[in-house]
Amino acid sequence: MKIRKFAAGAVIFLSLLSLSGCGSKKVDSWAYNHEPTKEVLAFYKGGKAVFKGEEYTYTEDDTSIVVKDKDNSALVHCVKDGDGITLYEKTSYHRNGGDTSDGIVGLWTQSNGWSYQFTAEGKFSEDAIFYGSYSVDENEQCIKLMYDDPISDAYLYFTLDGDELFIDYPWPMVRTQGSSGN
């Protein structure tokens, strides 16, 4: 009788372990550099990724990592940089000024108040806080932001669709502090 109870308990325990994901081995854990203790992105053996609490898959090569949604479409991509990565997260902005024939020139906003303004003279404003000059590489679909403040240049990959500007915004990532894998 005791052996049956023990065997049943062991089966239940092992089943719970497999359901909880404890069998998945975390490979790496990443946080935004401005919130180093809050995990944003984790990679597990077998191609599983968790981005902002949601499960996805990922592929990796020597220079980059691509996180894919359930339709196998790229959700975000990461560029490896030594021991760190830069995460490129897609955001969309709506044109609130300028002519669609002007390319990216005009005021672009999000409902949360974030904005970019690009002038025909090659100047930009980011969120009406950061200012500088910009250049556009049409072949690479890339905007280079050169800040007036002592901030490193940023490269934004973009696509235009009428009055919508989609930007892959670069977020420097650090390994999550206090994380030691699973």
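Here is a quick briefing on the pockets, the nonpolar cores and a few individual residues of this structure. Keep in mind that this is a predicted model. The largest pocket comes in at about 600 Å³, and the second largest pocket has a volume of about 150 Å³. On the packing side, the largest nonpolar core has 17 residues, and another core, of 15 residues, lies apart from it.

**Largest pocket**

- With a volume of about 600 Å³, this pocket is lined by 24 residues, and the closest to its centre are Tyr147, Tyr169, Pro170, Trp171 and Pro172.
- Strands β7 (84–95), β13 (154–161) and β14 (164–175) each put at least two residues into the lining.
- β7 gives the largest share of that lining, with five residues.
- Sorted by character, the lining of the largest pocket splits into 14 nonpolar, five polar and five charged residues.

**Second largest pocket**

- At about 150 Å³, the second largest pocket has 13 lining residues, and Asp28, Trp30, Glu60, Ile65 and Lys80 are the closest to its centre.
- β1 (26–32), β4 (54–60) and β7 each chip in at least two residues here.
- The largest share of this lining, three residues, belongs to β1.
- The lining of the second largest pocket breaks down into six nonpolar, two polar and five charged residues.
- β7 turns up in both pockets: it supplies at least two residues of the lining of the largest pocket and at least two of the lining of the second largest pocket.

**Nonpolar cores**

- As background, nonpolar side chains in soluble globular proteins tend to be buried together.
- In the 17-residue core, the residues with the most contacts inside it are Tyr116, Phe118, Tyr134, Ile143, Leu145, Leu165 and Ile167.
- β9 (115–118), β12 (142–147), β13 and β14 each supply at least two residues of this core.
- The other core, of 15 residues, sits apart from that one and has Tyr32, Ala49, Val76 and Met173 among its members.
- Which residues does Tyr134 touch, leaving aside its neighbours within four places in sequence? Its contacts are Ile104, Val105, Phe118, Thr119, Gly122, Lys123, Phe124, Ile143, Lys144, Leu145 and Met146.

**Ala42**

- Ala42 belongs to strand β2 (residues 41–44).
- Its relative accessible area is 0%, so Ala42 counts as buried, the cut-off being under 20%.
- Setting aside neighbours within four places in sequence, Ala42 is in contact with Lys26, Asp28, Ser29, Lys48, Ala49 and Val50.
- Two names in that list come up elsewhere: Asp28 is one of the residues closest to the centre of the second largest pocket, and Ala49 is a member of the 15-residue core.
- Ala42 and Glu55 are 13 residues apart in sequence, with their C-alpha atoms 9.5 Å apart in space.

**Positive phi outside glycine**

- Most residues other than glycine have a negative phi.
- Ala128, which is not a glycine, has a positive phi of about 55 degrees.
- Ala128 is in the loop between β10 (123–126) and β11 (130–137).
- Ala128 counts as exposed because its relative accessibility is 53%, and the cut-off is over 50%.
- Gln141 is not a glycine either, and its phi is positive at about 55 degrees.
- Gln141 is found in the loop between β11 and β12.
- With a relative accessibility of 28%, Gln141 is classed as partly exposed.

Terms used: Residues are numbered from 1 along each chain as its sequence is written. This is a predicted model: local features need pLDDT of at least 70, side-chain atom pairs count only at pLDDT 80 or more; totals for chains, interfaces and linings use all residues. Side-chain values use heavy atoms; hydrogens and water are left out. On a 1 Å grid over the protein atoms alone, a cavity is a set of points where a 1.4 Å probe fits but cannot get out, and a pocket is an open set with protein on both sides within 12 Å along at least five of seven lines; lining residues have an atom within 4 Å of a point. Grid points are joined across faces, edges and corners, and a volume is the space filled by probe spheres set on the points. Helices (H or I, at least four residues) and strands (E, at least two) are DSSP runs, numbered from the N terminus. Ala, Val, Leu, Ile, Met, Phe, Trp, Tyr, Cys and Pro count as nonpolar, Asp, Glu, Lys and Arg as charged, and the others, Gly among them, as polar. A nonpolar core is a set of buried Ala, Val, Leu, Ile, Met, Phe, Trp, Tyr and Cys residues joined through side-chain atoms within 4.5 Å. Buried means under 20% relative accessible area, exposed over 50%, partly exposed in between (1.4 Å probe, protein chains only). Contact means heavy atoms within 4.5 Å.
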